[in-house]
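Biologist: I'd like to learn how to read salt bridges in a model. Can you walk me through it with this one?

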Amino acid sequence: MRIVAASIVVFFCLIPFPGMAGDYVRTSEHFAIGGSPEYARPVDKLTMLAEEVREELCQLIDPCFVDRVSVRIAGSSEQFQEEQPGRVHIDWASGIAYPSRNLILLRIDNAYGLGLVQTFRHEVSHIALDHASGGRAPRWFSEGLAIMQAGEDILARFEQVSGAVLWKNLMPFEKLARSFPSSAHLRHLAYSQSALFMVYLKQEIGSAGISGIIRKQGEGLPIENAFYEVTGRNMSDFEREWKSSLESGSNFWVKLRDNWWLWTLMSLLFIFAGIKRMLSIRRRRRALAEEDWDDDEEVCCEFDQQIN
């Protein structure tokens with residue numbers, strides 16, 4: 001679809017848009033955003049914010065992409081899957097970025113807790129990082145950075161990671177370099193791990209350090225070498241210290257885990273005491289049945305007070 005017009009910041013221009021005939025499309029310098037005419041308002045909103053989002057995200061990711069990115073808003077899960085190129089279709093995501101195609105797909109019927117603008121920020125971060133790193137950034141780095149840049153709720157992810165720390169179920173980042181697990185639980189844990197580790201890295205090496213690592217990857221270095229070139233330390237050192245900080249911050253839960261047998265023994269003692277009392281009550285009931293009714297009222301009343 002080709003549309004011609006012009007203005008200063010938001011303008012129409014010659015651009016192929018991977019949508020359907022009759023789509024409502026708006027373009028800015030680096031984005032072409034469209035969807036069905038019924039989604040004109042969200043299309044307009046994203047278009048007005050798009051260049052500002054790009055500029056903000058690219059303060060950390062440099063050099064930034066210059067080619068125009070097509071953004072398609074889908075109105076349902078079915079349409080979202082139909083718009084996805086290739087043979088593998090994803091139904092659980094609220095947005096997908098295809099950096100090699102300069103394409104972003106968004107769901108407007110988002111049932112996963114993120115707003116449309118926040119999801120847009122997340123996916124633009126993927127596009128920008130892939131361009132700046134030459135596609136060399138590992139999956140955990142890309143997702144962690146996108147979550148952080150989108151302003152998603154980091155604290156909400158801490159609970160799941162704390163549980164993984166408690167039971168020593170954290171996944172090594174080297175296993176999250178190419179892809180995330182297919183299991184929903186492990187996939188969510190992978191996202192949470194990546195986000196918290198990225199926040200930790202920003203605290204430790206600052207925005208300049210993260211930008212430097214991205215730049216070094218763009219120059220052709222793998223992530224481990226990029227870490228060492230920028231920080232003078234191995235990435236594994238940061239990962240180990242991050243895990244240590246999580247464990248020390250969860251001492252109470254670690255103690256509970258380490259004393260599991262003690263808690264189990266206490267629970268068994270309570271159960272044993274309950275069974276013993278129940279047997280005692282049954283014996284007393286049998287004794288009551290064998291006694292004369294003249295004495296039963298006093299004994300019965302005492303018995304009722306004991307079990308109430």
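Biologist: Let me start with one pair: are R72 and D23 buried or exposed?

Modeller: Keep in mind that this is a predicted model. R72 and D23 are both buried, and they form a salt bridge whose closest N and O atoms are 2.4 Å apart.

Biologist: Which parts of the chain does that pair tie together?

Modeller: R72 sits in strand 3 (residues 69–74), while D23 belongs to the segment before strand 1 (24–27), so the bridge ties together parts that are 49 residues apart in sequence. There's also a network of salt bridges here, linking D23, R72 and E83.

Biologist: And how far apart are the closest N and O atoms of R215 and D62?

Modeller: They are 4.0 Å apart, and the pair forms a salt bridge. The cut-off is a side-chain nitrogen within 4 Å of a carboxyl oxygen, so check that distance when you read a pair. R215 lies in helix 6 (residues 184–218) and D62 in the loop between helix 1 (40–57) and strand 3, 153 residues apart.

Biologist: Why does R215 count as partly exposed?

Modeller: Partly exposed is the range between under 20% and over 50% relative accessible area. R215 counts as partly exposed because its relative accessibility is 35%. D62 is partly exposed too, with a relative accessible area of 35%.

Biologist: What about E152 and R157: buried or exposed?

Modeller: Both are buried, and their side chains meet in a salt bridge at 3.1 Å, N to O.

Biologist: How many salt bridges does the count come to?

Modeller: The count comes to 11.

Notes: Residues are numbered from 1 along each chain as its sequence is written. This is a predicted model: local features need pLDDT of at least 70, side-chain atom pairs count only at pLDDT 80 or more; totals for chains, interfaces and linings use all residues. Side-chain values use heavy atoms; hydrogens and water are left out. Helices (H or I, at least four residues) and strands (E, at least two) are DSSP runs, numbered from the N terminus. Buried means under 20% relative accessible area, exposed over 50%, partly exposed in between (1.4 Å probe, protein chains only).
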